[in-house]
Every structure is written in structure tokens, then in C-alpha cells.
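User: Please take a close look at one pocket of this model, and then describe a few selected residues in their surroundings. I am new to this structure, so a connected account would be welcome.

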Amino acid sequence: MKLDKLIELLKPENIIDSKNKDFSEIEIQDISYNSQTTKKGDIFVCLAGEKTDGHKFAQQAEKAGASAILAQKLPENISIPVLIVKDTQRIISDLAGIIFDYPSKKLNLIGITGTNGKTTVTHLIERIFEYNKQNCGLIGTLGYKLNYNDTYKDAKHTTPQAPELQKTLKLMLENKIENVVMEVSSHALAQHRVGSCNFNCAVLTNLTQDHLDYHITMQNYFEAKAILFKNLEKGSIAIINQDDERAEKFTQIIPEGVKVLTYGINKNADVKASNIKFSTYGSTFECNTPLGIYKVNLQMTGMFSIYNALAALTTAISQNLDINLTLKALEETQGVAGRFEAITKSPLTIVDYAHTPDGLENVLNAAKKILPTGGKLICVFGCGGDRDATKRPKMGAISEKLADISIITSDNPRSEDPQQIITDILSGIKSLSQDKIMVEADRHLAIKLASQIARPNDIVVIAGKGHEDYQILKDNTIHFDDREEVRKYFCSSKV
């Protein structure tokens with residue numbers, strides 16, 4: 001696309017100033033915001049990030065072959081065209097939509113947002129579409145897939161930056177994918193990464209404390225999540241967890257003409273579960289829907305699994321998918337990698353991604369409901385560095401309350417001192433009895449310690465990293481997989 005045409009589509013009012021006025025012969029082929037991956041024909045966007053300022057790398061981008069620069073201020077010593085805009089983070093989304101021709105307008109795009117459950121719900125919806133013999137692409141924490149049988153490709157973020165996201169959606173369109181379900185993070189919404197996406201359906205799982213290192217307040221966190229629902233167009237669908245304490249606030253901001261469906265245990269929900277029972281093997285419940293009452297048998301356990309299944313089921317109903325095939329898909333799904341994933345049977349060891357107070361509480365409560373008589377619940381967890389520090393003592397208090405034994409360890413310490421993170425966690429614990437609270441900063445040794453003290457009828461929950469196969473330290477990132485460590489140290493009756 002010629003640069004002058006691109007400027008016209010971006011709308012001249014968004015351009016504050018420009019250097020080199022003749023843009024008619026400048027060809028733009030792609031977008032980049034990393035000078036190390038910039039190539040000939042790119043327009044390089046100077047993003048002002050939390051840690052680095054893209055304006056510093058404009059010269060490197062020009063040397064790499066960039067045809068033009070999009071910036072918030074004029075970079076020094078640049079000879080190629082420069083467009084000055086007020087907010088490059090906002091405009092890069094518009095830019096990506098234009099260059100890749102807004103692929104989401106030709107797709108049935110379903111967005112899942114919330115603090116917990118996004119990954120599981122997207123995978124359940126993907127499975128439901130497959131059982132209904134409809135193809136479905138997936139984008140999220142584990143990567144992106146073109147269809148159910150595809151392997152994951154790295155997406156870099158839970159919700160990719162706008163150029164990668166639009167490029168991925170276009171790839172799905174080119175592969176004749178009709179439906180796409182994607183996780184939509186609060187960071188992506190606040191940073192306008194999905195600004196050029198047209199969602200036909202938006203789903204709220206829940207809203208509890210997380211990412212306050214970035215959003216600062218829960219109100220800001222809510223406002224970020226709310227963007228997904230505020231931007232829904234007439235004729236689209238919003239699906240809300242009726243039991244979430246902010247459900248009414250979300251419902252109030254949904255535009256007129258958008259259909260709203262709710263789910264939950266709440267008797268006023270459109271899709272509601274009752275007579276819920278849990279076991280080591282899964283959970284059962286009765287589900288009252290607009291289409292009738294159905295008995296559901298899940299291979300997943302825990303109240304959070306009920307809510308995840310309800311979110312997926314309500315979405316399927318909104319998409320007019322066959323209810324019997326939908327229930328079959330839910331019942332035959334064993335779970336998602338790193339989400340309440342059972343690794344060994346005796347003792348039962350569970351690896352979970354829970355890294356928030358609410359997530360940890362949900363997982364430990366789920367484990368307690370299936371704990372054998374006389375068994376103890378052992379929890380191994382830490383908290384990530386360079387992230388919301390206020391949740392650390394809360395998670396310590398939750399583990400002390402619900403687990404019989406807590407082993408406090410490292411998660412992804414990043415640039416922080418692991419011992420300081422552990423100290424923050426311990427500050428929320430009232431009793432530091434050595435029989436109940438143990439500290440082992442080395443995560444390898446913490447899991448090994450759990451294996452040494454666990455008895456056959458105990459349950460061990462290892463929380464925080466789930467599917468991750470790495471650990472981020474101060475100076476480097478190493479290979480580390482909780483599931484591998486469990487298989488190494490818990491030798492008996494592997495699942």
C-alpha cells in the first residue's frame with residue numbers, strides 16, 4: 001500500500017505532523033515495532049513502552065530497510081518519511097487493521113476476558129465447535145492454532161500485539177477458518193491491541209485481583225476489561241458471569257442492541273447449575289438452560305470447572321450450536337495443560353497455573369473437596385517478581401487457611417530478590433509453625449521436599465506456573481517445568 005493512501009485511511013486528523021511531504025511513491029508492505037526484526041518495506045512504529053522507548057531505535061529501523069517511521073516525536077537523523085501522531089500505541093492498531101484489511105470483519109470472532117479461566121474456556125469452546133463439525137481457530141496463553149488438531153504456534157503474549165494479531169487473523173481467514181475464539185487480556189485492551197477487531201461475542205469469566213502493578217486500582221482493571229464490552233456493536237452478544245460481584249457493572253455498560261446472556265449458580269442466570277457434586281474423577285451437575293434441563297458429567301473437578309463449563313455452554317447456545325453435541329464435547333474433555341492437571345495418583349499431585357489470590361483459593365478449595373479421609377493438603381507455591389506485590393501476603397494467608405502444609409518457594413522472580421518475595425508472602429501468615437509452613441527458595445528442592453513428606457492419601461497442589469516450561473530469573477531464563485519435576489520426584493502411579 002502506498003504511504004499516501006495509508007495516511008488517508010488513518011485519517012489526516014490523527015497525523016499531527018509529517019517530515020517529507022511526498023508520500024505517493026513510498027510503498028508500505030508490513031508493520032514492525034522491533035528494530036531487530038524490521039525488514040525492507042516496513043513502517044516502523046516507535047512504541048513508548050514501560051521499559052524501553054522505540055524512538056531510540058528509529059535509526060536502526062531505517063538501516064534495516066524501513067520505508068517510513070510512525071512516532072510521537074521526531075527522531076534524530078532520519079531521512080525516510082516520518083509521521084508524527086499523538087499516541088503510537090493507539091494508532092498501531094488502526095494501522096494493522098488497514099494493512100491486513102480487517103480480517104475479523106469476515107470471521108465469527110469470540111473474545112474471552114476475565115482474571116481466571118480464559119484459557120480453559122477458549123479450549124472448551126474450540127472443542128465444542130469441533131464436535132459441531134465447524135472449524136475454529138484459537139489464540140491465547142498457550143499460543144495460536146488454526147484448528148483443534150493443529151499444534152500451537154508461539155503468540156508471544158496472551159493477546160498478541162496488534163500487527164501479529166491481525167496477521168494471525170488474516171492467516172486464519174486465508175485457511176478458510178470461520179470461527180475464532182481468543183483470550184483478551186486487560187493489558188491488550190488497555191494498550192488498544194484489539195482496537196481493529198470486530199467481536200461478535202464477548203465473554204466475562206470473572207474479575208478478581210491481578211495485574212495491579214500495571215492497572216494500579218481495581219477500578220482501572222475493571223475499566224480495561226469493560227472496553228471489550230463497551231465496543232460491541234449492535235447485533236453482537238455479551239455473556240456475563242452472573243455470580244461475579246461486578247456483573248451488574250458490566251451489564252450496565254453494554255451498548256443498546258447487544259444481546260446479553262448470563263450464567264452461574266445464581267437462580268436468575270439464563271444458564272444455571274444446581275445439584276453440584278465433586279469427586280476425584282470429576283464433577284456432576286444439573287444445568288437449566290433456555291433449551292431445557294440437562295445432566296452434565298465433567299471429567300474436570302472444582303467449582304471453577306463448573307463456571308468454565310457454564311461459560312462455554314452459554315457461548316455455544318448463543319451460537320446456535322447443537323446442545324447435545326455441545327454437552328458431549330464438554331463431558332469428553334479431560335482438561336487443559338497446566339490447569340488442575342493431575343500428574344500422579346498416589347499421592348494425587350496437581351499442577352495448576354493459579355497465580356492470583358482468587359485462583360489459589362479456588363484450586364485449594366477444589367482439592368479439599370476431593371481430599372481422602374485422613375489425607376493432608378500440601379501446597380507448593382510462590383509469587384512472580386516485578387508484578388503486583390500486594391497479592392503476596394493475601395496468597396500466603398489463603399494457603400495457611402486452606403492447606404495443611406504450605407511450602408513457600410520461588411515462581412518467576414525476574415529482577416527481584418526471591419527471598420524478598422518469600423518474605424512478602426510470609427507477612428500474610430499468622431502462624432509460622434515449622435510443621436505447617438516451610439520455606440525452600442529453590443523450586444526444584446521445594447517440589448522434592450513435597451514428595452518426601454507426602455503420603456499416598458495426601459493431595460499435593462503445585463501452583464503458579466502450570467503449563468510454563470521455563471523460569472525467569474534475574475539474569476537469564478532457564479528450562480523448568482513443574483510437571484517434569486513432579487514426575488522426577490513423585491515416582492508412584494503416574495497418570
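Analyst: The lining of the second largest pocket is made up of eight nonpolar, nine polar and five charged residues. The model in which this pocket is found is a predicted one. The volume of the second largest pocket is about 480 Å³. Its lining comprises 22 residues, and those nearest the centre are Val 194, Gly 195, Ser 196, Cys 197 and Asn 231. Two helices, α3 (88–99) and α8 (218–230), each contribute at least two residues to this lining. Of these, α3 gives the most, with three residues.

The account now turns from the pocket to individual positions, beginning with Glu 178. This residue sits in the loop between α5 (162–174) and β9 (179–183). Glu 178 counts as partly exposed because its relative accessibility is 49%, which falls between the limits of 20% and 50%. Although Glu 178 and Leu 109 are 69 residues apart along the chain, their C-alpha atoms are separated by 8.6 Å. Beyond its neighbours within four places in sequence, Glu 178 is in contact with Leu 107, Asn 108 and Asn 135.

Asn 179 belongs to strand β9. With a relative accessible area of 5%, Asn 179 is buried, because that value is under 20%. Two polar contacts involve its side chain: one reaches the side chain of Asn 108 at 3.0 Å, and another reaches the side chain of Gln 134 at 3.3 Å. When residues up to four places away in sequence are set aside, Asn 179 touches Asn 108, Phe 129, Gln 134, Asn 135, Cys 136 and Gly 137. Asn 108 and Asn 135 are thus among the contacts of Asn 179, and they are also among those of Glu 178.

Another position of interest is Ser 305, which is part of helix α10 (residues 303–318). Ser 305 is buried because its relative accessible area of 4% is under 20%. A polar atom of the side chain of Ser 305 lies 2.7 Å from the backbone oxygen of Thr 301. Apart from neighbours within four places in sequence, Ser 305 is in contact with Leu 298 and Met 300.

Gly 382 occupies the loop between β18 (377–381) and α13 (391–402). A loop position may be buried or exposed; Gly 382 counts as buried, at 4% relative accessibility. The C-alpha atom of Gly 382 is 4.9 Å from that of Thr 409, although the two residues are 27 residues apart in sequence. Thr 409 is also one of the contacts of Gly 382 outside its neighbours within four places in sequence; the others are Met 395, Ser 410, Asp 411, Ile 425, Arg 443 and Ala 463.

The cysteines complete the account. A disulfide is a covalent bond between the sulfur atoms of two cysteines. A search of the whole structure finds zero disulfides. Cys 383 accordingly takes part in none, and the nearest cysteine sulfur, which belongs to Cys 379, is 10 Å away. That separation does not qualify as a disulfide, because the two sulfur atoms would have to be within 2.5 Å. Cys 383 is buried, with a relative accessible area of 4%. Cys 46 is buried as well, with a relative accessible area of 0%.

Key:
Residues numbered from 1 in each chain as written. Predicted model: local features only at pLDDT ≥ 70, side-chain atom pairs only at ≥ 80, totals over all residues. Heavy atoms only, no water. Helix = DSSP H or I, 4+ residues; strand = E, 2+ residues; numbered from the N terminus. Buried < 20%, exposed > 50% of the residue type's maximum accessible area, 1.4 Å probe, protein only. Polar contact = N/O pair within 3.5 Å; in protein donor to acceptor, adjacent residues only side chain to side chain. Contact = heavy atoms within 4.5 Å. 1 Å grid on protein atoms, 1.4 Å probe; cavity = no way out; pocket = protein on both sides within 12 Å on 5 of 7 lines; lining within 4 Å. Points joined across faces, edges and corners; volume = space filled by probe spheres on them. Nonpolar A, V, L, I, M, F, W, Y, C, P; charged D, E, K, R; others polar.
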